[in-house]
Amino acid sequence: MNELLLPFAVALGIGLLIGAERERRKGSGPARSPAGIRTFTVVSLAGAAAFSVGGALLLAVLAAGIAALLAVAYWRSTDEDPGLTTEVALLVTLFLGALAIR
């Protein structure tokens, strides 16, 4: 248990840092970006947990599910903001969380 404490703390820190940066830029009102500090933190920890429990296969399944949700979020917000920065950052955060376990 102690050997996993530090990697999960690193994954938590990764999610918090990237999420805090994206939170500042997500805007307000109906044109808000779909993800902020909580979402990035949860995704980073989910990546760490998936890789810890199921290895690369479970991480790939989780990445496919998150990519599908991000595609829907992007499709819904293309009129207001055609950028992909938040969506790509969320996927990268998933993999960085998993990488923290290694």
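Colleague: What share of the 102 residues of the chain counts as buried?

Modeller: The share is 32%. Keep in mind that this is a predicted model.

Colleague: What makes a residue buried?

Modeller: Its relative accessible area must be under 20%. Take S44. Its relative accessibility is 0%. That is under 20%, so S44 is buried.

Colleague: And why is I14 called buried?

Modeller: I14 has a relative accessible area of 19%. The limit is under 20%, so I14 counts as buried.

Colleague: Where do I14 and S44 lie?

Modeller: I14 is in helix α1, residues 2–25. S44 is in helix α2, residues 37–77. The two are 30 residues apart along the chain, and their C-alpha atoms are separated by 6.9 Å.

Colleague: What makes I14 and S44 a contact?

Modeller: A contact needs heavy atoms within 4.5 Å. I14 is in contact with S44, and also with T93, L96 and A100, leaving aside neighbours within four places in sequence. Counted in that way, S44 touches A11, I14, G15, T93 and G97.

Colleague: How do you know that S44 has a polar contact with A11?

Modeller: A polar atom of the S44 side chain lies 2.6 Å from the backbone oxygen of A11. The cut-off is 3.5 Å, so the distance fits.

Colleague: How many helices and strands does the chain have?

Modeller: There are 3 helices and 0 strands. From the N terminus on, the order is α-α-α.

Colleague: What makes a set of residues a nonpolar core?

Modeller: The residues must be buried, of nonpolar kinds such as Ala, Val or Leu, and joined through side-chain atoms within 4.5 Å. The largest core here has 11 residues, including F40, V43, I66, L90 and L94. Helices α2 and α3 each supply at least two residues of this core. α2 gives the most, with 6 residues. As for V43, it touches I66, L90 and L94, not counting residues up to four places away in sequence.

Colleague: Which residues does the second core include?

Modeller: This separate core has 5 residues, among them A11, I14, A100 and I101. In soluble globular proteins, nonpolar side chains tend to be buried together.

Colleague: Why is L99 called exposed?

Modeller: L99 has a relative accessible area of 53%. Exposed means over 50%, so L99 passes. L99 lies in helix α3, residues 85–101.

Colleague: Which residues form a nonpolar patch with L99 on the surface?

Modeller: They are L84, V88, V92 and L96. Together with L99, they have about 400 Å² of accessible area.

Colleague: How do you know that E21 and R22 form a salt bridge?

Modeller: Their closest N and O atoms are 3.4 Å apart. The limit is within 4 Å, so the pair qualifies. The structure holds 1 salt bridge. Side chains of opposite charge can pair when their charged atoms come close.

Colleague: Are E21 and R22 buried, exposed or partly exposed, and why?

Modeller: E21 has a relative accessible area of 31%. That falls between 20% and 50%, so E21 is partly exposed. R22 has 12%. That is under 20%, so R22 is buried.

Colleague: What is the accessible surface of the chain?

Modeller: It comes to about 6,300 Å², and 68% of that belongs to carbon and sulfur atoms.

Key: Residues numbered from 1 in each chain as written. Predicted model: local features only at pLDDT ≥ 70, side-chain atom pairs only at ≥ 80, totals over all residues. Heavy atoms only, no water. Patch = residues over 30% accessible without salt bridge, like charges linked within 9 Å, V, L, I, M, F, W, Y side chains within 5 Å. Areas by Shrake-Rupley, 256 points an atom, 1.4 Å probe, with all protein chains shown as cover. Salt bridge = Lys/Arg side-chain N within 4 Å of Asp/Glu carboxyl O. Helix = DSSP H or I, 4+ residues; strand = E, 2+ residues; numbered from the N terminus. Buried < 20%, exposed > 50% of the residue type's maximum accessible area, 1.4 Å probe, protein only. Polar contact = N/O pair within 3.5 Å; in protein donor to acceptor, adjacent residues only side chain to side chain.
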